[in-house]
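Work through the exercises below with the structure open beside you. Try each task before you read its solution.

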Amino acid sequence: MFNFRSYAKAGSVQEAIRLLGENPDAHLIAGGTDILVKLHKGKAQFDHLVDIHDLAELNFITQNDSGDIIIGPLVRFTQVAESELIYQHIPILSQAVLTIGGPQVRNVATIGGNLCNGVPSADSATPLIALNAAVTIEGRDGSRQMPLESFFLGPSQVALERHEILTAITITHDNYADYFGHFHKYAMREAMDISTIGCSAVCKIKDGILQDLRLAFGVAAPIPIRCKGTEDKVRGRKIMPKLLTDIANYVSTDVRPRTSWRAAKEFRLQIITTLARRVVERALLNAGGIIQ
Amino acid sequence: MNRQIRLTVNGKKKEIRIDVRQSLLEVLREQLGLLSVKQGCSVGECGACTVLIDDVPIDACLYLAVWADGKSIRTVEGESRDGKLSRVQQAFVDEGAVQCGICTPGFVMAATSFVEKHKQQNASRHDIRRGLAGNLCRCTGYDTIVTAVQKCLDDAD
């Protein structure tokens, strides 16, 4: 039996906000694949749960009239992977979510839970920050939106007030149209493993010139990060092998990997440098680039 | 912390009382006597507790029993009909895909869902391995299990 002290099921987003507001120690539980593991291990921080597991209101994948793709936070990873809309427009996300856990976990675990859990290894985070995704947050005082990149504050810390709830993840049309990407997860096993390093790159090219690059890494810092320094240095450059070598060289100044039992800092840096080159290369090739 | 839930288990409607702190694994084993649902790692790594909820495989150890309210659960106990094993169960027997057996019920349920979902598709051995990546087996080396699933896909209509 899991050792929590109170449980309340929310029938709507508004009720969830009210329940969170009534108890400052309450936590939302969605898919449960992180929280129930922590409860099993005896962590006390999840004593009071507000259950949104089956809240249909937050389970949707839609496209609005402007072409923006909007994903509800309670969408399961299997739904993301099987969505035609996502596969057609932002296949990097389909690719990334299939590396999470195994089928049983992906059938239950939610994309919003992955983001709100706030760990640097969240595999859905790097493709979404590479796509400049925005998050919508609702609370007692109404609704606000912010870039997903600024949502991550530190390890297990996200920009949610106690009474707030993530209600949507938006990828606007201009942020994915004409962009091509690639994702790679480096881990010890091919399934059921946590990223040692995760890498997402999306790029836009025209006439052999790199118009834009957005490069993101997981586990390369305390939060999932973008490599803005590298991105700024290579925008407008000609697509050629030297470009990839330069990206691999520049990227080390954008990252802050650390040593954990999973990998040493030096090894992580080696993976980051190698992936920067390989993942950007694949993204360029996907965009129809010729690297010569 | 008590609730009454209604669910269908292996085709039979049940109305049971549970504690919201219980996992589905605990309720299936302790209240409903479905001992095929094994407790392995308890953290969603090994798949020994795999059951189908509305035909979708999940780890029952990481699933609150209260979430099963209104849903339909399948465990290996419900897979044989009139004493005859299901196609997947029989394939496991035929291919020798069982050694110590503790992972087998979970594997049979994950494989059953995989076969039902991929009936009309040409799944490769690699696809089957990916589809069963949420289940660990320490005995067989997986090859016979993959072959069992492949045989089921080959002759599924």
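**Exercise 1: One helix and its cover**

Task: Find which strands of chain A help to cover the buried residues of H1(A). Then decide how those buried residues are arranged around the axis.

Solution. The model is a predicted one.
- Step 1. The cover of the buried residues of H1(A) includes five named strands of chain A: E1 (6-9), E2 (26-29), E3 (48-51), E6 (134-139) and E10 (165-171).
- Step 2. Helix H1 of chain A runs over residues 13-22, and its buried residues are A:Ala16, A:Ile17, A:Leu19 and A:Leu20.
- Step 3. Around the axis these residues cover an arc of only 165°, so they sit on the same side of H1(A).

**Exercise 2: A second helix**

Task: List the buried residues of H2(B). Then work out where they lie on the helix.

Solution.
- Step 1. In H2(B), B:Val88, B:Gln89, B:Ala91 and B:Phe92 are buried.
- Step 2. Looking down the axis of H2(B), these buried residues fall within an arc of 160°, so they line one face of the helix.
- Step 3. Helix H3 (104-117) and H5 of chain B are among the elements that cover them.
- Step 4. Look just past the helix. B:Gly96 follows H2(B) and has a positive phi, near 65°.

**Exercise 3: Two helices that pack**

Task: Describe how H2 and H5 of chain B pack. Say which residues make the contact.

Solution.
- Step 1. Pick the two descriptors. Packed helices are described by the angle between their axes and the distance between the axes.
- Step 2. Helix H2 (residues 87-94) and helix H5 (residues 143-155) of chain B pack at an angle of about 135°, and their axes are 8 Å apart.
- Step 3. Because of that angle, H2(B) is oblique to H5(B).
- Step 4. The crossing of H2(B) and H5(B) is right-handed.
- Step 5. H2(B) brings B:Arg87, B:Val88, B:Ala91 and B:Phe92 to the contact, while H5(B) brings B:Ala148, B:Lys151 and B:Cys152.
- Step 6. Sort the contact residues of H2(B) with H5(B): five are nonpolar, none polar and two charged.

**Exercise 4: Where the chains meet**

Task: How many residues of chain B are in contact with chain A? Which element of chain B gives the most to that side?

Solution.
- Step 1. In chain B, 26 residues are in contact with 20 residues of chain A.
- Step 2. On the side of chain B that touches chain A, strand E4 (56-59) and helix H4 (125-131) of chain B are the elements that give two or more residues.
- Step 3. E4(B) gives the most to this side, with four residues.
- Step 4. By type, the residues on this side of chain B are 12 nonpolar, eight polar and six charged.

Conventions. Residues numbered from 1 in each chain as written. Chains lettered and ligands numbered in written order. Predicted model: local features only at pLDDT ≥ 70, side-chain atom pairs only at ≥ 80, totals over all residues. Axes fitted to C-alpha atoms, helices over the stretch in contact; angles between N-to-C directions. Parallel < 35°, antiparallel > 145°, perpendicular 65-115°, else oblique. Left-handed = near helix turned anticlockwise from the far one by under 90°. Contact = placed C-beta atoms within 7 Å. Nonpolar A, V, L, I, M, F, W, Y, C, P; charged D, E, K, R; others polar. Buried ≥ 20, exposed ≤ 12 C-beta atoms within 10 Å, placed from the backbone. Arc of directions from axis to C-beta.
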